Amino acid sequence: MDNSDSFEVIDGDFGAGLILLCDHACNYIPPHYDNLGIAEDQLSRHIAYDIGGRNITLGLAQRLGVPAVMSKFSRLLIDPNRGEDDPTLIMYLSDGAVIKGNYPLSEEERQRRIEAYYRPYHQAISEVLDKAMATGNPPMVFSIHSFTDKWKGVPRPWEAAILWDNDPRMAQAMIVALSEDGTLTVGDNAPYDGALINDTMYKHCTKAGLAHSLIEVRQDLISNQSGVDAWVDRLTPILEQLNKQVEMHEVKYFGSRRDKL
């Protein structure tokens, strides 16, 4: 396991054909930022991290014996699943919470966070993917996120969602496999769109031609260990089956729906 102030790498078989990512694994804010001026209880909310995401990632990494890269800082400090020029890279308002430590924000401080947290995390992903590519078996990439069960008071009907851009290989297969369960309502690019320019998937997978998908699991289903274990049990055989398919390990360039916008 490799560690830094910004990322955590779980070791595994780099030739196994699968890499796991968790962009919003942690709600940690360094002490000198004084919680960015928000109350302590706000750090337990979804605005600070993806509840349950880290535990699912750890469970899958252990079960499948594959590497994983996870963030070690709160998305409120800086969001690694955004492009550096994205206006939502550092939020000053998030689901009703005012992030006082983020506004006003000097360009010097913005750059400091990019250099200290954002870029080292993405460099860690690049290095893990380089090691995987060096084995001669291009990996598929699976990114783990979670979403709230309600938004602005309205219940969300999905237990999980798969987000994707133009590359249908892994994403469509995941949607089919999860839907076959018969007990799940699975969102297809809902409640979010997977075509986000310069996000993690675009940066490391779309541009590299690697099969990939991003899953969002509803947070109320994975807020405790039994829920996490159930989802690890559900996802493990699906990923094992997909990993046997040749097309998941072919480098193919599908581009992005956002490229022409």
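These exercises, each with a worked solution, concern a predicted model.

**Exercise 1. Describe how helix α3 packs against helix α5, and say which residues of the two helices meet.**

Solution. Start with the geometry. Helix α3 covers residues 169–179 and helix α5 covers residues 225–242; the two pack at an angle of about 130 degrees, and their axes are 11 Å apart. Angles under 35 degrees count as roughly parallel, over 145 as roughly antiparallel and 65 to 115 as roughly perpendicular, with the rest oblique. α3 is therefore oblique to α5.

Next, take the handedness: where α3 passes α5, the crossing is right-handed.

Then list the residues. From α3 come Met 170, Ala 173, Met 174, Ala 177 and Leu 178. They meet Trp 231, Arg 234, Leu 235, Ile 238, Leu 239 and Leu 242 of α5. By class, the residues of this contact are 10 nonpolar, no polar and 1 charged.

**Exercise 2. Do the same for helix α1 and α5: at what angle do their axes cross, and which residues make the contact?**

Solution. Helix α1 spans residues 53–64, and its axis comes within 9 Å of the axis of α5, with a crossing at roughly 45 degrees. For this reason α1 is oblique to α5. The crossing of α1 and α5 is right-handed.

On the α1 side, the contact is made by Asn 55, Ile 56, Gly 59, Leu 60, Arg 63 and Leu 64. On the α5 side, the residues are Gln 225, Val 228, Trp 231, Val 232, Asp 233, Leu 235, Thr 236, Leu 239 and Glu 240. Sorting the residues of the contact of α1 with α5 by class gives 8 nonpolar, 4 polar and 3 charged.

**Exercise 3. What is the volume of the largest pocket, and which residues are closest to its centre?**

Solution. The volume of the largest pocket is about 720 Å³. The pocket is lined by 35 residues, and those closest to its centre are His 24, Arg 75, Asp 79, Arg 82 and Tyr 192.

To place the lining in the fold, look for elements that give two or more residues to it: these are β5 (93–94), β7 (140–147), α4 (200–206) and β12 (212–218). The lining of the largest pocket divides into 13 nonpolar, 12 polar and 10 charged residues.

**Exercise 4. How many cavities of 30 Å³ or more does a search of the whole structure find, and which residues line the largest cavity?**

Solution. The search finds 1 cavity of 30 Å³ or more. The largest cavity has a volume of about 40 Å³.

Its lining consists of Asp 165, Asn 166, Asp 167, Cys 205, Thr 206, Gly 209, Leu 210, His 212, Lys 252, Phe 254 and Gly 255. Of the residues lining the largest cavity, 3 are nonpolar, 5 polar and 3 charged.

**Exercise 5. Where does the backbone have a cis peptide bond before Pro 104 and Pro 191, and where is the positive phi of Leu 36 found?**

Solution. Take Pro 104 to begin with. A cis peptide bond joins Tyr 103 to Pro 104, with omega about -5 degrees. Pro 104 is in the loop between β6 (97–98) and α2 (107–134).

Turn to Pro 191. The bond from Ala 190 to Pro 191 is cis, and its omega is near 15 degrees. The loop between β11 (186–188) and α4 holds Pro 191.

Finally, consider Leu 36. Its phi is near 55 degrees, a positive value in a residue other than glycine. Leu 36 is in the loop between β3 (18–22) and α1.

Methods
Residues numbered from 1 in each chain as written. Predicted model: local features only at pLDDT ≥ 70, side-chain atom pairs only at ≥ 80, totals over all residues. Heavy atoms only, no water. Axes fitted to C-alpha atoms, helices over the stretch in contact; angles between N-to-C directions. Helix = DSSP H or I, 4+ residues; strand = E, 2+ residues; numbered from the N terminus. Left-handed = near helix turned anticlockwise from the far one by under 90°. Contact = heavy atoms within 4.5 Å. Nonpolar A, V, L, I, M, F, W, Y, C, P; charged D, E, K, R; others polar. 1 Å grid on protein atoms, 1.4 Å probe; cavity = no way out; pocket = protein on both sides within 12 Å on 5 of 7 lines; lining within 4 Å. Points joined across faces, edges and corners; volume = space filled by probe spheres on them.
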